[in-house]
Amino acid sequence: MRCKTEFPSTFRVQAAEKSAEIDVVRLKRYKVPIMRVARNLCIEPALIAAIMSVESRAGATLVDGWNRERNQYGLMQVDKRYHKLVGRWNSEAHLLQGTGILVAMIKGIQKKFPRWTKEQQLKGGISAYNAGLRNVQSYDKMDIGTTGNDYANDVVARAKYYKRNGY
């Protein structure tokens with residue numbers, strides 16, 4: 001028999017915020033490019049920081065910019081199987097590429113689910129950034145198949161932390 005422990009959502013939020021707090025030190029070196037990319041693409045800088053935290057722990061989990069399997073690259077973990085890689089793993093060009101993909105996913109969800117609220121569309125776009133636009137089928141099950149099956153909530157919790165802390 002396989003046991004599955006369900007933690008209350010407050011536990012998950014606390015865990016995400018603790019990870020964000022740990023990563024904030026590494027994120028400081030990227031704050032200027034994060035702010036520039038956010039301004040250029042009209043997106044919250046806290047959201048970029050949160051994705052960097054979730055995807056690569058702000059670079060801490062990377063070896064020469066790559067994940068362990070060597071199919072995702074950079075702070076925002078752009079997948080080489082679906083995108084031509086741009087820039088060095090920790091460059092502003094890479095952040096611009098990753099954030100551009102995020103913006104495209106949010107717009108794709110807005111088109112796919114025009115009746116969702118803006119907040120729902122944002123979370124759907126975040127989920128699609130991780131699992132692809134096709135994998136988001138409904139709001140209540142959008143994170144099934146994402147990292148930890150809770151990707152959008154993890155990113156949003158970290159983004160709220162970063163927003164409160166200068167991003």
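Asp79 is buried in this predicted model, with a relative accessible area of 10%. Burial here means a relative accessible area under 20%, so the value of 10% puts Asp79 in that class. The residue belongs to strand S2, which spans residues 78–79. Its side chain has a polar partner: a polar contact of 2.5 Å joins it to the side chain of Arg81. Once residues up to four places away in sequence are set aside, Asp79 touches Asn71 and Gln72.

The record gives a wider frame for the chain. An unreviewed UniProt entry carries the annotation "domain: Transglycosylase SLT" over residues 42–141. Within residues 42–141 the model is 47% helix and 4% strand. The C-alpha atoms at the two ends of that stretch are 28 Å apart.

Helix H2 covers residues 31–41, and its buried residues are Pro33, Ile34, Val37 and Ala38. They span an arc of only 135° around the axis, and therefore lie on the same side of H2. The spacing fits a general rule: an α-helix has 3.6 residues a turn, so residues three or four places apart point the same way. The other side of H2 holds the exposed residues Val32, Arg39 and Asn40. Lys31 lies over the face of Tyr167, at 4.9 Å from the ring centre.

Just after H2 comes Cys42, with a positive phi of about 55°. Cys42 sits in the loop between H2 and helix H3 (45–56). Most residues other than glycine have a negative phi, and most peptide bonds are trans. Against that background, Cys42 has a positive phi in a residue other than glycine. Cys42 counts as exposed, because its relative accessibility is 74% and the class begins over 50%.

Ala58 also has a positive phi of about 55°, although it is not a glycine. Ala58 is found in the loop between H3 and strand S1 (72–73). With a relative accessible area of 1%, Ala58 is buried. The backbone feature thus appears at an exposed residue, Cys42, and at a buried one, Ala58.

The next topic is the aromatic rings. A search of the whole structure finds five aromatic pairs. One of them is formed by Trp116 and Tyr139, with 5.6 Å centre to centre and 85° between the planes, in an edge-to-face arrangement. This pair links distant parts of the chain, 23 residues apart. Trp116 is in the loop between helix H4 (92–112) and helix H5 (118–131), while Tyr139 is in the loop between H5 and helix H6 (151–164). Trp116 is buried at a relative accessible area of 14%, whereas Tyr139 is partly exposed at 27%.

A second example of an edge-to-face pair is that of Tyr161 and Tyr162. The ring centres of Tyr161 and Tyr162 are 5.6 Å apart and the planes meet at 75°; the edge-to-face class needs planes over 60 degrees apart. Both members are buried: Tyr161 has a relative accessible area of 13%, and Tyr162 has one of 0%.

Ring pairs also build a cluster, made of Phe113, Trp116 and Tyr139. Beyond its neighbours up to four places away in sequence, Tyr139 touches Trp116, Gln120 and Lys123. For a sense of scale, Tyr139 and Glu44 are 95 residues apart in sequence, and their C-alpha atoms are 22 Å apart in space.

Helix H5 itself contains Gly125. Gly125 is buried, with a relative accessible area of 0%. Which residues does Gly125 contact, leaving aside its neighbours within four places in sequence? They are Leu102, Met105, Ile106 and Ile109. The C-alpha atoms of Gly125 and Gly87 are separated by 23 Å, with their positions 38 residues apart along the chain.

Note on methods
Residues numbered from 1 in each chain as written. Predicted model: local features only at pLDDT ≥ 70, side-chain atom pairs only at ≥ 80, totals over all residues. Heavy atoms only, no water. Buried < 20%, exposed > 50% of the residue type's maximum accessible area, 1.4 Å probe, protein only. Polar contact = N/O pair within 3.5 Å; in protein donor to acceptor, adjacent residues only side chain to side chain. Contact = heavy atoms within 4.5 Å. Phe/Tyr/Trp six-rings, centres within 6.5 Å; stacked < 30°, edge-to-face > 60°. Lys NZ or Arg CZ within 6 Å of the ring centre and 35° of its normal. UniProt positions renumbered as here; feature names shortened; annotations may be inferred. Arc of directions from axis to C-beta.
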